[in-house]
Each structure stands twice: as structure tokens, then as C-alpha cells.
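Student: Hey, got a minute to go through this one with me? I'll put it up now.

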Amino acid sequence: MTHRRSVSRRLARGLGLVGLIGSILLLAAVVFFYRLSFVDLNAKQATARAINEMLEHVGLPVLVLMVPMAFVGLRVIRQAFMPLEEAAVEIEAARGHERGYRIDTSRMPAEALPFTDAVNDLLARLDDAAARQEAFAADVAHELRAPLAVLSLELDRLDHTEASRLKTDVAAMRRLIDQLMLLAQIDAATAAQLAPEAVPLTDVATDVVSLLAPGVIAAGKTIALEAGAESPIVRGRREAIAAALRNLVENAVRATPAGGAVQVFVGPGCAIRVKDQGPGLSSDRLHDLIRRHSRADHASKDGAGLGLAIVERIMAAHGGSLTTDPGARELTLRFPESS
Amino acid sequence: MRVLIVEDNDRLAKLMAEGLQRRGFSCDVAGNLTDADSAMDGAAYDAIILDLGLPDGDGIDWLGARRRAQHVAPALIVTARGALEDRVAGLDGGADDYVVKPIEIEELAARVRALLRRPGPRAQTVIEIGALSFDTAARAARYENNAIDLSRREADLLELLMRRAGTVVRRGAIEDALYSFNEPVTPNAVEAAMSRLRRKLDEAGAGGKLNTIRGIGYMLRETA
């Protein structure tokens, strides 16, 4: 590790140097002016006198000047850098809300402004680049829909045993595209900093279960909703929460064998739990699935795609969490309690 | 049953028309809104399948304008836009239902059938779900050749479930449809009516079509 330069240490060193040079010059002056007057005294007296003179005219003034200067200098430096330290704390606190974040320059000293302005400019350019990237991903996903629709309809015309297998692949592609579009939407909504609305969780769960139930029943499985009379209310974006729950229920349905049941529980507290009859999901595996989107191995055997990564992203944007209880075969969406 | 497909992607339009024709619909295709206008002036359609982004305008605006001018058949929006906000805008703009590309032809056909089951000036008096049929005027139900004897409330319940076959009908919606505002609804009334209806369907041979989604409501399956 290289030794980092510190402004305080440099000031101390500078003051030390000034003190040293000043002392030498003063000593020289003292020696020059008093040499003549010392000649009539004997050597012992002259030495004592000289030391005395030097303390009085060199040591004291240097001390009187240098100590307050050092004290004030260090204090000024500490105060000048205080806004930077505060900004560092604020930047750390903004973890997870990086989009659109800018350093507050209102309390910055003028000398630091070129730097903070440059950093803010850089942040703006990064936001811009990320937005372009997302818009591109959304465009690609959008453009893929039409050829995929044609492909799926062409397959429908084929009276061939392979056709249904290929249709499953098309369905998987469709799911991935839907998820990509959803991700782009979530990011756009986060960037736009839309005002959150009050969302009753039971309503969301009822909508999602109603929407998915026909497919679940067609697959020979059952689904049920367990909710109390009072719906917990969270603050957030209803469509995003519905998308998160939908992903979770779809995962649960895939994991449940034919004839099995998926249960969705609202509560206790601001939480929705999804219970399936699959093998259960360990915390490590959940973590892997969430991290998947950063590693680009999207094609999973279980067809989950980006699902859980998206759920986690939505929950993080709501200040909540996605957790698993492998013993109970449950995944839980937990939201912060709104007061 | 005649369906107008308004879609600017020729190949997609042709494939949708073909798929629906194989499922017993007769289809016309319009590639833009001008063609759609002339098609609608020339024939009466039972349903419209409408793409949103068309070369000469937005499908939703066109639908809204036509709706204000005259009665227009129920419309199913088919779009590549996946934005959830679009869904709300589409349904507010006068669309009756909404599907996102790429759609499966089975799903498309099911949605169109569901649109045609809705009550309206051109709605059929007999609703059919597979071998199960219900005459809305005579309030009589049949499964294959077996008549099903239903009370007034059971008939109302069956009609509601048949009109929305393939989708979940919520308990609240059933209570609203079956019981008038000042009629007391006991907590078990819907369950009791439903279990009587289920038993009668079972006896007529239409067993297992009625599904319960616990905590939500009921669904009549479209297919066996």
C-alpha cells in the first residue's frame, strides 16, 4: 500500500519547515547583532547570555506564532473537508437507489466544486448510458415479439409430434422476453421516481391468483388463496408488486408436481408467502438464482429464467426482501411495515 | 361467426385468420384503419381483433371514435406492447379484452369465444361450452341430450359461469350478480347454491367441469 498524502500532515510539515527556517534566520540575526556586545564578557557569561537571548527572541516568538497557526490550520482543514465526509455518508446511504443520484453541492466549499460537478456530470452520463442500454434491451424484446408470434402460429399449423415440443421452446422465449420488458419497465419507473401508491396486498394476490388459476387448473394442479379479512397495505407500485408475485407463483406452479397444490398466503404482517409442493429452495440456491442475471447464464433447466432476479429487484425497490424457507417450502415477499 | 382482424403484419394476420378459421370462425383481414373502416361499413362483425400500432393511426383511438359514433362489436386488442400501463389504457379506451404478442392461437380463439359470450345486442341467446348449453331466454340448460333442471338462482349462477367460462369468477361478483342489494346474503349461500349446481351437473354427466379456487371463487372449464 502506498503512503497516502494527507493535507493535515502536509500542513504540519510545512509549518515545521517554516518554523525551522524562521528559527535559523532569527538565530543568525541574534548572533549578528549581539556578537559585538558579548566580546567584553567572559566565555561562561557569554554562553548563558546567548542562550537566554535566543530563548527570548527566537524560541518564544516562534512558539507563539507556530502553535496557534498549526491549531487553526488543522481545524480549518477538518472543517473544509467535512462536507466531503458528509457526502460520502450520503452516497453510501443511497446504495440501491443509484439511478438519478447526484452529490449535493450546496454545502461544498468553492475549491471542491469543480470536482463534485465533474463527478455529478459523470453520474449523469452513466445514468444516460444505462437508460440507453435498457431502452435498447426493451426495443429488442419488443421487436422479437412479432417474429415470435409468427413462429408460434406457424408451429400451430404443423400437424407434427415435434411441433408441441418446439412450442414449449417458443413459450420459454416468450417468457424471457416478457421478463426483459418487465425489467426495463421497473428500471424506468425507478429512474422516473414515480410517487408510490397505497397497495392492498390482498387485492394484488386475488388478481394474480385469479389470472393464473385457469393455467394452473389446466395443468392438473390446484391453487388457493388464504387471506384475512383485513388486507395489509404497503406503499409502492401495484403493477410491479403483482409482477413479483406472479413470477413467484409461476415458479411455484412449475415446481409442484401434477395433482399438487400451490398456496398463497397474505400476512401475517406486510408479507405474501407462496407455498408449493416442490423440493424446497435453499438460501444458497435462491442466492444463485437471484445473482444469475449478472452472470448471463439465463437458460436454466427449470425455466425460471430471470424470474427470481426480477422479484428480488422489485422487492429491493420497495425496501423489502425475498426470502426462502426450504423446510416449509415457502418463498416470502416481505415489505416494510407502513405506518 | 364473423371476425375482423386488423393487423399490419401480413403474415401474422394471415396466420391468425387461418388458425381461427380452423376453429370455426370466418375471418376478414384489414391491414390498416382505412381498410378496417370500409370492411366494417360492408359487413357486420361479431368481434374485432385489433393491433394497436397501425400504419395510419392508433388502434385505440380509432376504436374509441367508432364506439362513440355507433355500436361496435366487442374488440380484443392484440399488441406487442407489454407495458402494464398499456393494459389499463386499452381497456379504458373501449377495448373489451387484451392479449400481448406472441399469442397462442388457442388462447386467441378462447378469448374471442369469451367476447362472443358477453351479453349485447348481437349476443346469441344460447351459450355453449362444449356439450353444455344454456338458453338465456328459456333459462334452460342441457348437457348433450340431458336436460338439467335448475332453480332460478342456479340458472343465474350457471349463466354467469358459462359467460365467463375459462376465467375465474370471484365470489364477490357472484354475490353481486345473484343477490339484489337489500337481500341478505348468508356466508354459505353461494357455497350452497354452487354445491347444488355441481351435483346437478354431475348427474347430467358434466362432472368435473366446475372448479373451486379456494379463497377466490369458481371457474367453469372451457374444455374437458
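Student: Among contacts in chain A between residues at least 6 apart in sequence, what percentage join residues at least 24 apart?
Tutor: That comes to 69%, where a contact means two C-beta atoms, placed from the backbone, within 7 Å. Before we go on, this is a predicted model: local features need pLDDT of at least 70, side-chain atom pairs count only at pLDDT 80 or more, and totals for chains, interfaces and linings use all residues. Residues are numbered from 1 along each chain as its sequence is written, and chains are lettered from A and ligands numbered from 1 in the order in which they are written.

Student: OK. How many helices and strands in chain A?
Tutor: Eight helices and seven strands. Those are DSSP runs numbered from the N terminus, H or I over at least four residues for helices and E over at least two for strands.

Student: And what share of chain A is buried?
Tutor: Of its 339 residues, 25% are buried. Buried takes 20 or more other C-beta atoms within 10 Å of a residue's own, exposed is 12 or fewer, and partly exposed is in between, with C-beta atoms placed from the backbone.

Student: Switching to the interface: how many residues does each chain put into the contact?
Tutor: Chain A gives 27 residues and chain B gives 27 residues. On the chain A side, the elements with two or more residues are α3 (113-157), α4 (161-192), α5 (201-218) and β2 (222-226) of chain A.

Student: Which element gives the largest share there?
Tutor: α3(A), with 11 residues. By class, the side of chain A that touches chain B has 14 nonpolar, five polar and eight charged residues. Ala, Val, Leu, Ile, Met, Phe, Trp, Tyr, Cys and Pro count as nonpolar, Asp, Glu, Lys and Arg as charged, and the others, Gly among them, as polar.

Student: Any odd backbone angles? What's phi at R329(A)?
Tutor: Near 55°, a positive value in a residue other than glycine. R329(A) sits in the loop between β6 (321-325) and β7 (330-334) of chain A.

Student: Is R329(A) buried or partly exposed?
Tutor: Partly exposed, because 19 other C-beta atoms lie within 10 Å.

Student: What about R139(B), where is that?
Tutor: R139(B) is in the loop between β9 (132-135) and β10 (140-143) of chain B. R139(B) also has a positive phi, about 55°, although it is not a glycine. With 15 other C-beta atoms within 10 Å, R139(B) is partly exposed.
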